[in-house]
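Work through the exercises below with the structure open. Each task is followed by a solution in steps.

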Amino acid sequence: MRQDDELLRFKCPGCKTSHAVQHGSDFGPNWGWNGSLEKPTLTPSVLVTYPGADAGQDGAPPAVCHSFVTDGRIQFLGDCTHELAGQTVALPEWTEWVAP
């Protein structure tokens, strides 16, 4: 996980990109954060829709990545459209930039 001003970013192994949530800002939605970059907990859940491989084709909805980040682990919820739906995995180490 990385902190950039009021944004927290983490690599998502499910949709293979990064997600960012805002904390501590006076504007827009804010997530709760336990202050740890090593074993972060974010509240509430993180819900991302994105143009996945099948998004919008034959009436398919956008791709979905929905997760809870708790104590440095990502719990992917059942409405995810990627292969990690329903699984819990360790938050990947951030070693280089991944485009959001």
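**Exercise 1.** In which sense do β6 and β7 pair, and over how many bridges?

Solution. The model is a predicted one.
- Step 1: the pairing of β6 with β7 is antiparallel and has four bridges.
- Step 2: a residue pair fixes the register, with Val-69 opposite Ile-74 in β7.
- Step 3: the connection is a hairpin with two residues between the strands, and Asp-71 in the turn has a positive phi of about 50°.

**Exercise 2.** Place β6 and β7 in their sheet by giving the order of its strands.

Solution.
- Step 1: the sheet is open, with five strands in the order β4-β5-β6-β7-β8 and antiparallel pairing.
- Step 2: β4 (32-33) and β8 (88-90) each have a single partner strand, so they are the edges, and one side of each lacks a neighbour in the sheet.
- Step 3: on one flank of β6 lies β5; strand β5 (residues 42-50) and strand β6 (residues 63-70) are joined by six bridges and run antiparallel. Leu-47 has His-66 in β6 as its bridge partner.
- Step 4: β7 is joined to β8 by three bridges, again antiparallel. Here Ile-74 has Val-89 in β8 as its bridge partner.
- Step 5: Ile-74 thus appears in two pairs, opposite Val-69 and with Val-89 as bridge partner.

**Exercise 3.** Which side chains of strand β7 (residues 73-76) are buried, and which are not?

Solution.
- Step 1: side chains alternate along the strand.
- Step 2: Ile-74 and Phe-76 share one face and are buried.
- Step 3: Arg-73 and Gln-75 point to the other face and are not buried; the cut-off for buried is under 20% relative accessible area.

**Exercise 4.** Describe the second sheet, made of β1, β2 and β3.

Solution.
- Step 1: this sheet is open and has three strands in the order β1-β2-β3, with antiparallel pairing.
- Step 2: β1 (2-4) and β3 (17-22) are the edge strands, each pairing on one side only.
- Step 3: on average, neighbouring strands of this sheet are turned by 30° against each other, direction ignored.
- Step 4: three bridges link β1 with strand β2 (residues 7-12) in the antiparallel sense. Asp-4 lies opposite Leu-7 in β2, and Gln-3 lies opposite Leu-8.
- Step 5: the hairpin of β1 and β2 has two residues between the strands, where Asp-5 has a positive phi near 55°.
- Step 6: six bridges link β2 with β3, also antiparallel; Arg-9 has Ala-20 in β3 as its bridge partner.
- Step 7: the hairpin of β2 and β3 has four residues between the strands, and Lys-16 in the turn has a positive phi of about 60°.

**Exercise 5.** Which residues touch the most other members of the largest nonpolar core, and which strands each supply at least two residues to this core?

Solution.
- Step 1: the core has 17 residues, and those touching the most other members are Met-1, Phe-10, Leu-42, Val-46, Cys-65, Ile-74 and Phe-76.
- Step 2: at least two core residues come from each of β2, β5, β6 and β7.
- Step 3: as for β2, five of its six residues are buried.
- Step 4: for Phe-76, leave aside neighbours within four places in sequence; its contacts then include Cys-12, Pro-13, Cys-65, Leu-84 and Val-89.
- Step 5: Cys-65, one of these contacts, is also among the core residues named in step 1.

Terms used
Residues are numbered from 1 along each chain as its sequence is written. This is a predicted model: local features need pLDDT of at least 70, side-chain atom pairs count only at pLDDT 80 or more; totals for chains, interfaces and linings use all residues. Side-chain values use heavy atoms; hydrogens and water are left out. Two strands pair if DSSP finds at least two bridges between them. Axes are lines fitted to C-alpha atoms, for helices over the stretch in contact, and angles run from 0 to 180 degrees between N-to-C directions. Buried means under 20% relative accessible area, exposed over 50%, partly exposed in between (1.4 Å probe, protein chains only). A nonpolar core is a set of buried Ala, Val, Leu, Ile, Met, Phe, Trp, Tyr and Cys residues joined through side-chain atoms within 4.5 Å. Contact means heavy atoms within 4.5 Å.
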